[in-house]
Structures are given as structure tokens and as C-alpha cells.
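Please open the model in your viewer and display it as a cartoon, with side chains available on request. The tour below proceeds by selection, stating at each stop what is to be found there.

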Amino acid sequence: MRLGADFTALVDRFPGRLYVAVSGGSDSLALLLMAAAWAQTTDQQITALTVDHRLRRESADEAACVAALCQTLGCDHQTLVWDSPQPQQSAARRARYRLLASAVRADKPAVLLTGHTFDDVVETALIRRRRGVRNAAIAGPTLSAPIPLWPLTNPVTLLRPLIRTPRAALQTWLSAQTISWASDPSNQNLAYERVRVRTFLQRHPRLRDIAQQSVARYQQDRACGDQKLAAALSNVSVTADGLIEVAEADLSPRLLILLARCASGGARDTRASAATAALSTLRAAGQRQTLGGAWLQRTANGLVIGRDPGAEVSLDHAGGYDGRFAIEPGAQLPAAEEMAFLVRHARPEGTAWRETLSARIAHMARCLETPFCNPIEA
């Protein structure tokens with residue numbers, strides 16, 4: 001039996017040092033074993049990363065078990081410890097990605113594999129649907145994406161090879177090899193919405209089957225939309241001073257949301273309704289407005305997008321400037337008076353900086369146009 005996306009086809013799209021996030025649960029443990037087998041046959045090196053959230057007394061022992069397994073498999077391992085644990089899933093998720101990003105930041109580029117399964121996708125879809133989402137956007141997470149941390153000058157590629165593989169298939173595969181996995185009690189805590197959704201699906205198998213079929217169709221629909229968005233991103237240009245230029249023919253609310261986030265260096269996407277309203281409002285050349293920390297200005301041919309000069313800017317943890325510029329000896333960033341109005345107020349000091357937005361946009365496009373990399377299961 002073959003589970004997950006084809007590792008070679010997937011990883012070849014994103015060259016870089018390969019890391020695997022491993023908690024010790026069934027999903028990530030199966031992913032580690034698959035990645036280790038692939039690495040051995042291809043003579044590649046992988047590093048497993050385990051985040052100890054310090055929310056349970058057993059967590060340190062579970063991390064130690066993963067480390068011991070990695071030694072047996074011949075791959076490197078690091079345990080990353082959360083130094084300010086909080087008992088909220090959202091806070092733990094943000095901390096987890098910060099720790100993982102810090103662990104891989106020295107490698108440019110870097111690729112991080114995570115063990116999200118088709119079950120996770122279905123649960124997320126139902127949660128989003130309860131919150132009013134009614135289009136293909138409910139079918140998250142995706143096969144590949146930039147790591148969800150901003151600002152981050154050096155983007156990390158997040159790959160989820162198992163997002164079309166059911167958890168039950170992974171557990172059957174592990175059991176056949178007499179491999180046990182850790183169970184987090186929080187996965188049974190009905191105080192969390194995701195656990196309530198999971199429990200409901202377990203109790204209603206017929207509804208679960210219907211939900212899975214629906215989400216699979218949404219995955220296909222979104223993949224088509226992602227291909228179109230990737231093509232539009234490929235047409236976007238960025239000037240040396242960090243001004244984004246996009247043609248009228250490529251404009252869409254979803255594209256504008258991504259570009260506003262790039263320009264702002266912010267951590268969150270703006271609402272789709274706000275992006276739609278902005279496109280409707282900006283009709284005449286020269287008109288301007290803000291959106292999600294970015295300035296938009298209508299031109300005769302489309303839009304130019306820059307940083308909101310009123311927002312705070314700073315160095316990010318990787319040494320870049322606000323997720324938009326990186327230090328590069330010999331670079332010649334234009335003087336403030338030579339820069340476009342929409343970006344001159346958010347300029348780093350000195351000239352030895354290069355813009356990183358064009359690389360970020362290209363990285364987004366590369367992730368969006370990633371095929372499903374079959375076979376998924378055989």
C-alpha cells in the first residue's frame with residue numbers, strides 16, 4: 001500500500017533542506033516513517049522537529065520517544081520547547097509555527113513537512129462552513145503553502161503530503177508494523193470545536209461519508225481556482241523600491257488579498273468583502289485607499305500597491321525588514337525622495353537592501369500551482 005502524495009514529485013518542486021514536524025501522534029509518525037524511507041532510497045537527509053508545548057507532563061517523554069525513533073531511522077532530530085505555554089489551541093498553533101520557523105530559518109530555502117490528513121481537511125471544512133464560508137475556500141489546508149507566519153523575509157514551504165489520505169489508513173499501516181503512537185488527551189476534549197466536529201462525524205458515519213465526498217469535490221474546485229490565481233500572480237511585477245504593480249485584467253478579490261498582505265508585511269488576510277468593495281470603489285486613475293495595512297492606487301492600467309505609511313515597521317526575526325526587504329551587500333535601494341509615494345514612508349535606513357516581495361509572490365504562485373502529485377493511495 002502506498003500512502004500520501006508522491007514524495008519525489010512533490011519535494012522536487014521545492015528544493016531545500018527537508019524538515020518533518022513530528023509530534024509522536026499517528027499522523028506525524030506515519031509521515032516520518034514515509035519520509036525516512038524516501039530519504040534512504042534517494043540518499044537525502046531529513047531532520048525531524050518535535051515541539052514540546054509543556055502543556056502535559058507526558059510531552060517531554062513523547063518527544064524523547066520520537067528522538068529515539070529518529071536515531072533508529074538514522075535521521076537528525078531536535079526538540080523545540082515552548083517557554084510560555086498557554087492552554088489554548090490557537091496560541092499553541094501560533095507558538096508551534098514560530099518555533100518551527102526559527103528552527104529552519106538558517107536554511108534558504110527550507111521545506112517543512114506536516115502530517116495533516118484528509119480528516120483534518122474535512123473537519124476544517126465543516127468548521128468554516130459553520131462560520132459562513134460557502135465556496136471552495138472551505139477546503140483547507142492545501143498540499144503546499146508558505147508557512148503561515150508574517151512578516152518573514154525567508155519564506156518556508158509547508159508541504160502536507162497526506163491531505164488526501166484518511167487517518168484510519170495511516171493507523172492501519174502503523175499497526176501492521178506493530179508501531180504504536182502517542183495520544184493527546186486534548187483530542188478528546190469537547191471544549192474544542194474541532195473535537196466536537198470530529199466526535200459528531202464518528203457518531204454519524206453516513207453524514208461523514210457525504211461530507212468527505214463534498215470536501216473532495218471542493219478540493220478539486222479550489223485546485224482549479226488556485227491554478228488561475230497562480231497565473232495572475234505570475235503577471236504581477238515589483239519595482240526595486242518594493243512597489244507592487246498588477247494589471248487590470250488580472251485583478252480579483254483573492255489576488256488583492258494576497259498582494260495587500262505582501263505589501264503590508266502583516267500577519268492576517270483582509271476580509272474578502274473588503275477586497276471586493278475596494279475594487280468597486282477604485283474606479284478612476286489616481287484614486288487611493290487603504291486595505292489591510294496596504295495602500296492601493298488606481299492607475300490607467302490596473303493598481304499599484306504599497307505599504308501603509310501609518311503602520312509600524314520593524315526588523316523581523318530573520319533579519320529582514322518588515323517582511324519586504326533583506327540586507328544584501330552591493331544592493332542599491334533608491335533614496336526616499338526617488339521612491340514612489342506609496343512606499344517611501346516605509347523604507348529601511350541605508351541602501352544595502354533588496355526587495356523580497358517578488359520572491360515571495362513567486363513562491364506563492366509556485367505553491368498554488370502544485371498538482372496533487374498522485375498516487376495518493378494504491
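Helices here are DSSP runs of H or I with at least four residues, numbered from the N terminus. The model is a predicted one.

**First stop: His363.** Select residues 357–368, which form helix H12, and locate His363 within that helix. Is His363 buried or exposed? Its relative accessible area is 12%, and because buried means under 20%, His363 counts as buried. Now show the side chain of Thr157: a polar contact of 2.7 Å links it to the side chain of His363. Extend the selection to Pro146, Pro155 and Val156, which His363 also touches, along with Thr157, when residues up to four places away in sequence are set aside.

**Second stop: helix H3.** Select residues 59–73. The 15 residues of helix H3, at 1.5 Å a residue, should span 21 Å, and the end C-alpha atoms lie 21 Å apart, in agreement with that expectation.

Next, colour Ser59, Glu62, Ala63, Val66 and Cys70, the buried residues of H3. They cover an arc of only 100 degrees around the axis, and are therefore on the same side of H3. An α-helix has 3.6 residues a turn, so residues three or four places apart point the same way. Turn to the other side of H3, where Asp61, Cys65, Gln71 and Thr72 are exposed.

**Third stop: the surroundings of H3.** Add helix H2 (26–42), strand E2 (46–52) and strand E3 (76–81); these are among the elements covering the buried residues of H3. Finally, select Gly74, just after H3, which adopts a positive phi of about 80 degrees.

How values were computed
Residues are numbered from 1 along each chain as its sequence is written. This is a predicted model: local features need pLDDT of at least 70, side-chain atom pairs count only at pLDDT 80 or more; totals for chains, interfaces and linings use all residues. Side-chain values use heavy atoms; hydrogens and water are left out. Helices (H or I, at least four residues) and strands (E, at least two) are DSSP runs, numbered from the N terminus. The expected span of a helix is 1.5 Å times one less than its number of residues. Buried means under 20% relative accessible area, exposed over 50%, partly exposed in between (1.4 Å probe, protein chains only). The arc is that of the directions from the helix axis to the C-beta atoms. Contact means heavy atoms within 4.5 Å. A polar contact is a pair of N or O atoms within 3.5 Å; within protein, one must be able to donate a hydrogen and the other to accept it, and residues adjacent in sequence count only if both atoms are side-chain atoms.
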